[in-house]
Amino acid sequence: MKTISKLIILLSVTIVTACNVNQDNNKSLDYDTLDVQFSAKLIGGAWDTDNAVGVLATCSRGNETEVLMSTSSIAAYTPMSAGETSGLKAKTEDDRIIARRGDHNFRFYAFTPYAGGDVDMSRIPADIPAEITFGAEVSQLYVAQKTVTGVIAPVAMEFTTPSCLMKLNIPDDIVNEDGGTVLKSMVLKPVNADAFTGSLAYSATYNIYTDQTTVAEGSESEQITVSFGTEGYRMKSGYTEVSFLAAPFTVPEGGFQITFTATDGKTNMIPFLDKKA
């Protein structure tokens, strides 16, 4: 096999805390009503102010339990700033989450992305596609839940993901040793399929109450294909970042392999997460 530049793999990111939320109490202890505030931390990622967060907020009120705290069944919130940690603000008046005097046993369930409308929180879409197109938006599910006894201070919520974001920095000589590779496809799969007991992609739903993912029968795939279009994509000089989602997995014996195919039909296969390396 010809010598090529090193394939740079990024499976996790360095977390830098940047919080613009006022952590002081948002109202005195004596109140009739108050708007609940949130401090939202996106573990391993970063908020964008265009993100949408769905929040189901309930409490005990009088003799009733699981009373909705917003007019909307799922309240829509957006980050107040970009970064790993941000405050959240309600999108509309109906989305405001409001606590009343005497409320207690507060429970908050949140997820992003949120497209609006009613959502069954026990069946949140959590698909990880087996075939993706380079450049398409990567929509990664993040979830959080919190039970608190009081909401005077902002409710701190940590959002985690049931999937894995893979980032590969691919050199321009990945197939053409002189550089300028025009890539048509990239396929990730285990070297030894019999040794791999998991899956890399599937159709699934996530239950935020139980923290469980339910995979649709027959939807699992042991490989992920990234398409670069019918005309291919000319790799940038140096490295091009390719991002895609994968299901949580254990590296099998022999590891994985990635096969790169250029538009001229030439290919190059390299080991990936090889335990023997």
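Trainee: Between which strands is the loop where D211 is found?
Mentor: This is a predicted model, and the secondary structure of the protein comes to zero helices and 22 strands. In that numbering, D211 is found in the loop between β16 and β17.

Trainee: Is D211 buried or exposed?
Mentor: The cut-off that matters here is a relative accessible area over 50% for an exposed residue. D211 has a relative accessibility of 55%, and therefore it counts as exposed.

Trainee: What is the phi of D211, which is not a glycine?
Mentor: Most residues other than glycine have a negative phi. D211 is not a glycine, and yet its phi is positive, at about 60 degrees.

Trainee: Which residue in strand β9 has a positive phi although it is not a glycine?
Mentor: The residue in question has a phi of about 55 degrees, and its relative accessibility of 32% makes it partly exposed. Its place is in strand β9, and its name is N105.

Trainee: Which residue is joined to T112 by a cis peptide bond?
Mentor: Most peptide bonds are trans. At this bond, by contrast, omega is about 5 degrees. The partner is found in the loop between β9 and β10, and the residue that the cis bond joins to T112 is P113.

Trainee: What is the order of the strands in the open sheet of three?
Mentor: The pairing in this sheet is antiparallel, and β10 (124–125) and β17 (212–215) are the edge strands, each pairing on one side only. β10 pairs with strand β16, residues 204–207, over two bridges. The order of the strands is β10-β16-β17.

Trainee: Which residue in β16 stands opposite I124?
Mentor: β10 and β16 pair in the antiparallel sense, with β16 covering residues 204–207. Within β16, the residue opposite I124 is Y206.

Trainee: How many salt bridges does the structure hold, and what is the distance between the closest N and O atoms of R101 and D32?
Mentor: Side chains of opposite charge can pair when their charged atoms come close. The structure holds four salt bridges. The bridge between R101 and D32 links distant parts of the chain, 69 residues apart, with R101 in the loop between β8 (98–100) and β9 (104–112) and D32 in the loop between β1 (8–10) and β2 (33–35). The count is four, and the closest N and O atoms of R101 and D32 are apart by 2.8 Å.

Trainee: Which residues are linked in a network of salt bridges?
Mentor: R96 forms a salt bridge with D35, the closest N and O atoms being 2.6 Å apart, and R96 lies in the loop between β7 (85–90) and β8 while D35 is in strand β2, so this pair ties together parts 61 residues apart in sequence. R96 also forms a salt bridge with E93, where the closest N and O atoms are 2.3 Å apart. At 26% relative accessibility R96 is partly exposed, as is D35 at 33%, whereas E93 is exposed at 56%. The linked residues are D35, E93 and R96.

Trainee: Is D103 buried or exposed?
Mentor: D103 lies in the loop between β8 and β9, and a residue is buried when its relative accessible area is under 20%. The relative accessibility of D103 is 8%, and therefore D103 counts as buried.

Trainee: Which side chain is joined to that of D103 by a polar contact of 2.8 Å?
Mentor: Leaving aside neighbours within four places in sequence, D103 is in contact with C59, S60, R61 and I98. The polar contact of 2.8 Å joins the side chain of D103 to that of R61.

Trainee: Which residues touch the most other members of the largest nonpolar core?
Mentor: In soluble globular proteins, nonpolar side chains tend to be buried together. This core has 31 residues, and the elements that give two or more residues to it are β14 (164–171), β15 (182–190), β18 (224–227), β20 (239–246), β21 (256–262) and β22 (267–272). Another core, of 28 residues, lies apart from it, with F38, V55, F106 and F108 among its members. In the largest core, the residues that touch the most other members are I170, M186, F244, I258 and F260.

Trainee: What percentage of contacts between residues at least 6 apart in sequence join residues at least 24 apart?
Mentor: F260 touches residues including I170, L183 and M186, not counting those up to four places away in sequence. For the protein, among contacts between residues at least 6 apart, the share that joins residues at least 24 apart is 72%.

Technical notes. Residues are numbered from 1 along each chain as its sequence is written. This is a predicted model: local features need pLDDT of at least 70, side-chain atom pairs count only at pLDDT 80 or more; totals for chains, interfaces and linings use all residues. Side-chain values use heavy atoms; hydrogens and water are left out. A salt bridge is a side-chain nitrogen of Lys or Arg within 4 Å of a carboxyl oxygen of Asp or Glu. Helices (H or I, at least four residues) and strands (E, at least two) are DSSP runs, numbered from the N terminus. Buried means under 20% relative accessible area, exposed over 50%, partly exposed in between (1.4 Å probe, protein chains only). Contact means heavy atoms within 4.5 Å. A nonpolar core is a set of buried Ala, Val, Leu, Ile, Met, Phe, Trp, Tyr and Cys residues joined through side-chain atoms within 4.5 Å. Two strands pair if DSSP finds at least two bridges between them. A polar contact is a pair of N or O atoms within 3.5 Å; within protein, one must be able to donate a hydrogen and the other to accept it, and residues adjacent in sequence count only if both atoms are side-chain atoms.
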